[in-house]
Number of protein chains: 2
Amino acid sequence: MDNKIITIKEIASRLNISPSTVSRALHDHKSIGLRTRTNVQKLAKELNYEPNQTAIFFQQRKTFTIGVLLPELSEAFFSSAISGIEDCASKNKYTVLMGQSHDDAEREKQLVETMKSHRVDGLIVSIAKNTITYEHFEALSKYDIPVVFFDRIPNMANIHYVACNMASGTTQAFNFLRKLGHKSIGMINGPMNLLASKERVEGYRNALTKARLKYDPSLIMSCDLSTESIYRVTEKLLSLKNKPTAIIAFNDYVLLDAVQAAKNLKLKINKDISFVSYANLPISNYSAYPPLASVEQFSYQQGQKAMEIMLDLLSKNKTENENHTFYKIILEPQLVIHTDL
Amino acid sequence: MDNKIITIKEIASRLNISPSTVSRALHDHKSIGLRTRTNVQKLAKELNYEPNQTAIFFQQRKTFTIGVLLPELSEAFFSSAISGIEDCASKNKYTVLMGQSHDDAEREKQLVETMKSHRVDGLIVSIAKNTITYEHFEALSKYDIPVVFFDRIPNMANIHYVACNMASGTTQAFNFLRKLGHKSIGMINGPMNLLASKERVEGYRNALTKARLKYDPSLIMSCDLSTESIYRVTEKLLSLKNKPTAIIAFNDYVLLDAVQAAKNLKLKINKDISFVSYANLPISNYSAYPPLASVEQFSYQQGQKAMEIMLDLLSKNKTENENHTFYKIILEPQLVIHTDL
DNA sequence: AAACATCAGGCAAACGTTTGTGTGATCTGT
DNA sequence: ACAGATCACACAAACGTTTGCCTGATGTTT
């Protein structure tokens with residue numbers, strides 16, 4: 001058995017040349033003669049030589065690995081996003097180290113540590129819904145580990161991110177419902193530490209202003225995205241004097257619970273109360289009560305774009321990145337209408 | 001700025017001791033005196049020393065990383081399984097390198113290469129549906145990289161795996177439908193290179209035998225899990241002379257398409273034709289036409305168990321693993337009934 | 001007090017690769 | 001034919017950590 005692991009040294013000694021020559025030969029370095037170069041490459045192939053990546057990582061201070069931190073893979077939005085990241089990464093010889101925060105800020109912090117200690121070259125993050133301090137991300141800049149956020153963006157200055165323009169998406173949703181004749185439109189919003197939640201409010205108010213309508217703050221309610229809180233705010237919305245005939249739900253998952261809450265109140269879906277939602281996940285296609293429309297957020301593209309930004313950041317050297325310009329990529333969402341009305 | 005990276009050497013020179021002493025002190029090696037030990041640890045903390053993992057990986061020939069290869073994260077079954085893997089891994093200081101084959105055998109092969117070159121300590125795999133050659137997995141044994149399969153098990157001898165007993169699950173499903181009065185029960189099966197497909201047939205036939213019924217092979221049809229092929233076999237099943245009144249679908253995703261196909265034929269779901277399925281994914285809860293029952297496959301537990309096996313394999317040394325005993329963990333599935341009938 | 005055990009720590013090699021520098025040998029132009 | 005350029009390769013250091021072996025200083029036993 002030639003079980004022995006083949007190294008550059010081994011090849012060198014068999015060919016009676018120095019390891020450095022072998023290394024250069026394998027990299028087609030011009031200073032190596034054609035003769036020895038082909039000799040080396042031939043023998044390497046014969047012996048089935050495979051470079052020891054751990055040695056290379058160590059030597060080059062680079063791992064060609066990027067960490068991806070996200071709340072929940074079981075949410076189709078994120079599993080689709082990570083596909084975008086992974087596809088783009090593998091095309092560029094990068095590998096993905098994955099971690100789920102399960103929407104727990106503490107676990108997120110810990111995962112950042114793990115990623116850092118594994119020496120990822122960069123980090124792509126969608127933050128947990130209850131993350132409110134950001135030191136663990138800020139610390140990474142000291143290690144020159146670039147961070148790109150997507151979708152769930154923290155409230156920080158000077159960060160790279162890619163997100164969807166939720167303001168515009170919300171305006172689209174609002175106008176769509178207005179056109180269907182709805183006068184009073186409620187909104188189940190997410191936690192206000194998320195940029196996306198603020199933008200939803202912004203889009204809602206923009207639409208109101210354009211339509212010269214006055215703003216009723218009680219029609220917008222924040223929840224923490226848990227089933228209980230969704231039930232609570234849905235019930236609250238539906239017991240208002242100015243009771244909405246349509247509700248914009250934070251996303252397709254929130255929608256599912258909101259629908260259930262409305263049904264518990266003996267309301268007829270799409271008659272007494274209609275829904276519009278965000279994300280446009282596949283479940284909508286099979287759902288018993290799909291939303292009238294859904295704001296497509298292009299998760300795959302968001303992931304892909306985030307990875308592209310990461311690659312760009314990694315290709316620049318440290319000083320180039322010091323010039324403090326930050327990527328802020330805003331994708332335009334698109335309202336997908338599910339009904340024939 | 002003390003931007004300088006803190007290494008063991010640095011600590012050593014500041015304390016005028018040797019690097020080896022520092023290393024041992026940090027590891028609480030007994031041969032280091034209490035004085036210097038605390039000195040070292042104090043200074044290390046002060047300087048915020050962090051071991052260079054890439055150096056350690058290199059030196060120890062171990063990366064504390066395990067690769068996970070699966071078909072599609074967007075399928076809830078797999079995203080749940082990887083959660084089980086990840087949770088178990090991170091509890092044991094392991095990290096997960098993720099790759100999706102997108103059910104493409106070629107890509108799978110390539111990912112195995114990537115994983116290998118990244119020197120993962122082990123690999124957990126659920127194979128692509130069209131994977132029929134296994135050299136890429138067999139090759140790993142030469143590198144002493146243990147492989148644990150789960151759910152989608154290849155047709156290989158001498159492998160470690162964890163799976164659900166699909167035969168028993170199918171028998172349960174079959175008997176459940178019989179009890180509801182169904183006489184002719186069809187099955188939409190998966191590709192026959194999957195062990196799970198064979199087991200479904202086995203369970204189906206076992207149930208028949210027990211009930212002293214005779215076997216009509218035309219009632220079991222394989223598909224390649226694509227939407228088109230699901231439509232095709234569903235239509236075929238429903239145009240049989242011995243037309244089934246109930247169908248066992250390969251999984252909850254197959255079910256969605258099968259239901260659609262049946263509706264296209266103007267059949268009333270749960271009246272003209274009923275369905276039972278596998279996996280028991282959350283979508284069933286929100287679906288317009290949920291199955292009457294679903295065979296829960298405990299994906300999270302499968303992932304977890306696979307990781308536990310992996311940890312065990314990694315804890316043993318090479319020769320211990322040479323004794324050729326292979327883990328075959330079979331979880332008992334459970335029929336979850338969704339209807340009140 | 002001699003013999004020996006234990007303690008506390010240093011030395012140096014090793015893991016596999018890359019890369020700056022050095023050096024003979026061949027080649028070019030005049 | 002000779003200075004200089006170019007070629008083809010070797011040498012050695014470096015990346016940060018771990019670990020087997022060695023040694024000088026205490027401590028213990030008789």
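Which residues have the most contacts inside the largest nonpolar core? In this predicted model, select Ile124(A), Phe149(A) and Phe150(A) together with Ile124(B), Phe149(B) and Phe150(B), since these are the residues with the most contacts inside that core, which has 191 residues.

Stay with Phe150(B) and display its surroundings: leaving aside neighbours within four places in sequence, Phe150(B) is in contact with Leu70(B), Phe77(B), Phe78(B), Ala81(B) and Ile85(B), with Ile124(B), Val125(B) and Ser126(B), and with Val162(B), Gln302(B) and Ala306(B).

Next, move to chain A and select strand 6, residues 185–189, where five of the five residues are buried, so that the strand is largely enclosed by the rest of the structure. Ile185(A), Met187(A) and Asn189(A) point one way from this strand, while Gly186(A) and Ile188(A) point the other way. Adding strand 8 of chain A, residues 246–249, shows a parallel pairing with strand 6 over four bridges, in which Ile185(A) stands opposite Ala246(A). Strand 7 of chain A, residues 220–222, also pairs with strand 6 in the parallel sense, over three bridges, and here Ile188(A) stands opposite Met221(A).

Finally, select helix 1 (residues 8–15) and helix 2 (residues 19–26) of chain A, whose axes come within 8 Å and cross at roughly 110°, which means that helix 1 is roughly perpendicular to helix 2. Helix 1 contributes Ile8(A), Lys9(A), Ile11(A) and Ala12(A) to the contact, and helix 2 contributes Pro19(A), Val22(A), Ser23(A) and Leu26(A); coloured by residue class, the residues of this contact divide into six nonpolar, one polar and one charged.

Methods:
Residues numbered from 1 in each chain as written. Chains lettered and ligands numbered in written order. Predicted model: local features only at pLDDT ≥ 70, side-chain atom pairs only at ≥ 80, totals over all residues. Heavy atoms only, no water. Axes fitted to C-alpha atoms, helices over the stretch in contact; angles between N-to-C directions. Helix = DSSP H or I, 4+ residues; strand = E, 2+ residues; numbered from the N terminus. Parallel < 35°, antiparallel > 145°, perpendicular 65-115°, else oblique. Contact = heavy atoms within 4.5 Å. Nonpolar A, V, L, I, M, F, W, Y, C, P; charged D, E, K, R; others polar. Core = buried A, V, L, I, M, F, W, Y, C linked by side-chain atoms within 4.5 Å. Buried < 20%, exposed > 50% of the residue type's maximum accessible area, 1.4 Å probe, protein only. Pairing = 2+ DSSP bridges.
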